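These are my notebook entries on one helix pair and one chain's domains. The structure is shown first.

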Amino acid sequence: MSSLSTKIQEVFNEPACEKNRGKDAKARKEGCSKPLTPGAAAGGCAFDGAKIVLQPITDVAHLVHAPLACEGNSWDNRGAASSGPTLWRTSFTTDLTELDVVMGQGERKLFKAIREIKEAYGPPAIFVYSTCVTALIGEDIEAVCKRAAEKFGLAVVPVDAPGFVGSKNLGNKLAGEALLDHVIGTVEPDDAGPYDINILGEFNLAGEFWLVKPLLDRLGIRVRACIPGDARYRDVATAHRARAAMMVCSSALINLARKMEERWEIPFFEGSFYGITDTSEALRQISHLLVKKGADPEILDRTETLIALEEGIAWKKLAAYRPRLQGKRVLLNTGGVKSWSIVHALMEIGIEIVGTSVKKSTAKDKERIKQILKDDNHMFEQMAARELYAMLSEHKADIMLSGGRTQFIALKAKTPWLDINQERQHPYAGYDGMVELVRQIDLAIHNPIWRQVREPAPWDRPPAVKDELPSTKSETATVQAFKKFAGATAVDFGAC
Amino acid sequence: MVRILPQTKAAAVNPLKSSQPLGAALAFLGVDGAMPLFHGSQGCTSLALVLFVRHFKEAIPLQTTAMDEVATILGGADRLEEAILNLKARTKPTLIGVCTTALVETRGEDCAEEIATIKLKRAEDIAGTEVVLANTPDFDGAIEEGWAKAVTAMIEGITRPGQQARQSKKIAILPGWHLTVADIEHLREMVESFGLKPVILPDISGSLDGTVPDRWITTTYGGTSVEDIRELGTAAQCIVIGEHMRRPAEVLQRVTGVPYVLFQSLTGLRGADRFVSLISAISGATVPAGVRRRRAQLQDALLDGHFHFGGKKIAIAAEPDQLYQLATFFTDMGSDIAAAVVTTDMSKILQKIPAESVQVGDLGDLEALGADADLLVTHSHGRQAAQRLGIPLMHVGFPIFDRLGSQHKLTILYQGTRDLIFEVANIFQANRHAPTPEALDPLRMRDMPDELRSSPLTRH
């Protein structure tokens with residue numbers, strides 16, 4: 001465990017982290033993870049975080065060394081897309097039993113599991129994840145992996161991030177460390193070129209990176225490795241030969257980006273493909289970094305031409321939604337997405353932002369959001385479920401955009417809701433993705449079910465005139481009742 | 001205003017319709033101890049019979065007058081008489097429902113007169129058996145018309161005419177043919193939960209619900225009793241489901257004075273609300289907790305389900321009232337009706353279909369008009385079109401021969417609407433296509449300026 005705790009210290013000490021730079025030495029040493037409150041904690045563990053980051057590598061077999069729950073309760077739950085191999089979606093776990101734990105048979109079982117996977121599936125690599133139980137009973141996963149790699153002649157990568165060491169975010173970073181220690185730089189590519197880049201922290205949810213990649217293709221920029229979305233093991237192993245990198249989800253893989261810069265001089269910037277201006281800015285920065293690293297500067301002009309063209313098309317498409325969405329009030333409640341660029345695009349077509357969470361936004365983001373909204377009352381760190389429910393029940397927003405966890409707060413408050421986190425089905429990246437997001441907002445807000453579900457049951461509605469309530473004694477009254485209840489117009493619903 | 005487009009093709013390609021006498025027979029099958037009798041050549045009966053069996057997976061009582069060449073030329077009155085007497089002797093039915101076919105109608109046979117004569121001449125032989133006639137030539141109408149004519153014929157022929165003492169708790173219900181066995185059962189339970197006594201005509205839930213009787217019975221074994229049909233005039237009110245049932249309801253009102261209310265659809269929250277409010281008002285009873293619970297469940301199904309419906313293009317081929325029931329269900333969930341194909345232009349309900357146009361036609365039309373749809377909705381014969389187009393098929397209507405249990409699918413009121421939402425959402429989820437780089441490529445269909453052209457680079 002000593003190497004793991006060193007690693008955790010190191011990760012917490014991340015110098016590239018904006019939040020970290022604001023702290024003094026002592027606070028930095030304490031790390032970012034706030035102590036969890038038993039009974040009031042929510043969110044995944046370090047194992048979860050590590051698996052999320054690595055699992056979209058599509059041709060790798062991901063083997064979870066644990067009793068059933070860790071993998072059995074969590075597999076096949078995220079919508080990253082693959083353009084080829086499907087092995088990553090097959091779930092492997094050692095499924096340790098009581099006897100395995102008591103008799104200390106875990107390591108042997110793990111070794112056997114690796115052999116079975118190698119023989120049945122022949123993957124280029126197997127990633128082995130440690131977990132609470134296997135860490136607690138002292139399984140030496142690293143040694144088993146090393147031995148298996150030698151014996152079977154394939155990469156077997158230990159991922160040391162048992163759940164109890166901390167949060168999901170910490171697990172993200174420990175996954176990055178595993179790649180740095182065991183994968184990146186282990187293979188030399190034979191096709192390295194001056195326009196090779198890495199995209200770090202892009203998960204290709206719903207295939208959304210494919211909305212962006214063709215733009216890079218057009219510019220002659222090659223994605224050496226997108227980590228982890230739609231990646232192959234070999235892509236990741238040769239990622240050290242890229243010329244520049246873009247870091248998409250900053251809090252997840254910042255250590256990976258910084259250390260790759262340190263080790264292999266790959267400069268990086270932090271960007272986002274959500275929203276129109278952000279997408280343009282990302283393309284611009286990629287080209288700049290490549291030119292800085294020796295690419296032909298003509299790419300800068302081509303990039304600007306492409307941006308102008310794509311922005312024009314996208315704004316035009318968005319403008320078509322203005323008449324339908326003008327004045328609609330959106331509540332953005334999300335941690336993952338860097339929201340200012342989306343806020344900007346939504347406001348451009350006349351949508352009003354009645355609130356946005358800034359929990360995972362950087363100080364710079366917050367500043368930008370504040371400027372756009374002109375009112376920082378609309379920014380909140382986090383809102384309690386009850387508050388959120390109250391706000392939505394009072395119709396203070398026409399739609400909430402959020403992740404799955406708050407979905408039912410909106411739905412039970414009979415308010416339209418759109419998933420913009422990892423379980424979603426629709427791609428929102430790039431120019432076309434922004435248009436798709438607005439299309440989905442339009443569909444959600446204008447779905448006719450809202451009128452229906454908000455209507456109280458007729459027997460709960462007070463009658464307009466008391467006398468109209470029919471009495472069953474009198475036949476004519478009952479006939480009246482028919483006319484009243486059977487339809488909007490009695491004529492249509494039966495001439496009695 | 002919806003445009004009704006007439007059929008212009010000479011050749012119907014993959015017909016949508018089932019024949020009119022089949023619809024009439026189906027209605028007679030909803031009466032206890034009944035024996036439908038097709039007046040035509042024996043093929044008319046056997047083809048309909050085979051289709052019924054494929055759909056219901058049941059032995060179906062259905063007989064024929066087996067018109068031969070001589071009878072076709074000289075007249076079928078004797079065949080009809082012989083058939084009725086034979087059926088009476090061999091199966092002792094309480095009702096023989098005569099459905100004419102195109103053959104006897106084309107030769108211009110006066111079947112009503114013939115039956116009147118038989119009844120007179122053979123009064124003793126057929127005592128205890130009602131004989132009613134539905135004029136249902138195959139060259140006109142489809143199931144809707146046949147069903148409605150049979151119900152009308154039963155009311156005209158069996159129900160005791162004249163104003164009668166009304167029982168305040170008794171409700172007559174005339175359901176359209178498109179209600180399933182489960183729908184009828186549910187209707188009955190719902191009405192009974194308000195302390196009312198429903199008489200449902202026809203009641204296929206008693207006869208075609210797929211049970212295993214402990215002896216062999218050659219007629220239907222369950223359904224509306226002839227006695228109940230006779231006493232329809234004592235009902236306090238009549239409730240009718242489907243525009244095609246307006247005619248029988250009007251006849252009942254004319255004959256007995258029982259007023260009716262017509263529901264064009266019982267699917268959807270609003271239709272269900274109106275129905276429940278109505279029976280609550282008639283009975284004077286408050287809405288039971290169970291019904292309130294079902295309503296809340298439907299609200300939640302609307303919320304959970306609508307994600308799968310929004311913006312989807314639906315292509316439906318069905319008879320008019322079912323088309324209306326389904327089209328409004330889909331548009332209420334946020335989908336668009338991309339194609340609506342129907343069997344006839346005669347129904348008043350077509351004006352209310354929430355689509356730009358309604359094509360009178362066949363499954364060939366559905367295939368052509370629905371090529372871009374996300375879902376085809378029709379009976380089992382639509383499966384080939386669905387396969388060719390690569391679009392999932394939702395099975396509705398008649399016949400459904402490649403799925404089991406279609407009669408037990410609930411489609412009305414809170415619970416049925418809830419189930420429909422789940423069924424459709426599940427079809428969409430089961431047929432979701434994984435995203436591909438090609439499908440998402442934003443530049444795929446676009447002309448690019450030359451300076452931006454470069455060969456796409458790809459590593460895998």
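Which residues of chain B does UniProt list for "domain: Nitrogenase/oxidoreductase component"? I found that the unreviewed entry gives residues 19-428 of chain B; such positions follow the numbering used here, feature names are shortened, and annotations may be inferred rather than shown by experiment.

I noted that this is a predicted model, in which local features need pLDDT of at least 70 and side-chain atom pairs count only at pLDDT 80 or more, while totals for chains, interfaces and linings use all residues. Residues are numbered from 1 along each chain as its sequence is written, and chains are lettered from A and ligands numbered from 1 in the order in which they are written.

Entry 1, chain B. Over residues 19-428 I read 45% helix and 16% strand (DSSP runs: helices H or I, at least four residues; strands E, at least two; numbered from the N terminus). The end C-alpha atoms of this stretch are 32 Å apart. I recorded domain 1 (20-140), domain 2 (167-290) and domain 3 (293-430), with bounds from an automatic or database domain assignment.

Entry 2, helices of chain A. I looked up α15 (residues 298-319) and α21 (residues 430-445), whose axes come within 9 Å and cross at roughly 5°. Axes are lines fitted to C-alpha atoms, for helices over the stretch in contact, and angles run from 0 to 180 degrees between N-to-C directions. The two helices are therefore roughly parallel (an angle under 35 degrees). Among the contact residues (C-beta atoms, placed from the backbone, within 7 Å) are A:I313 and A:L318 of α15(A) and A:M434 and A:V438 of α21(A).

How values were computed
Parallel < 35°, antiparallel > 145°, perpendicular 65-115°, else oblique. Contact = placed C-beta atoms within 7 Å.
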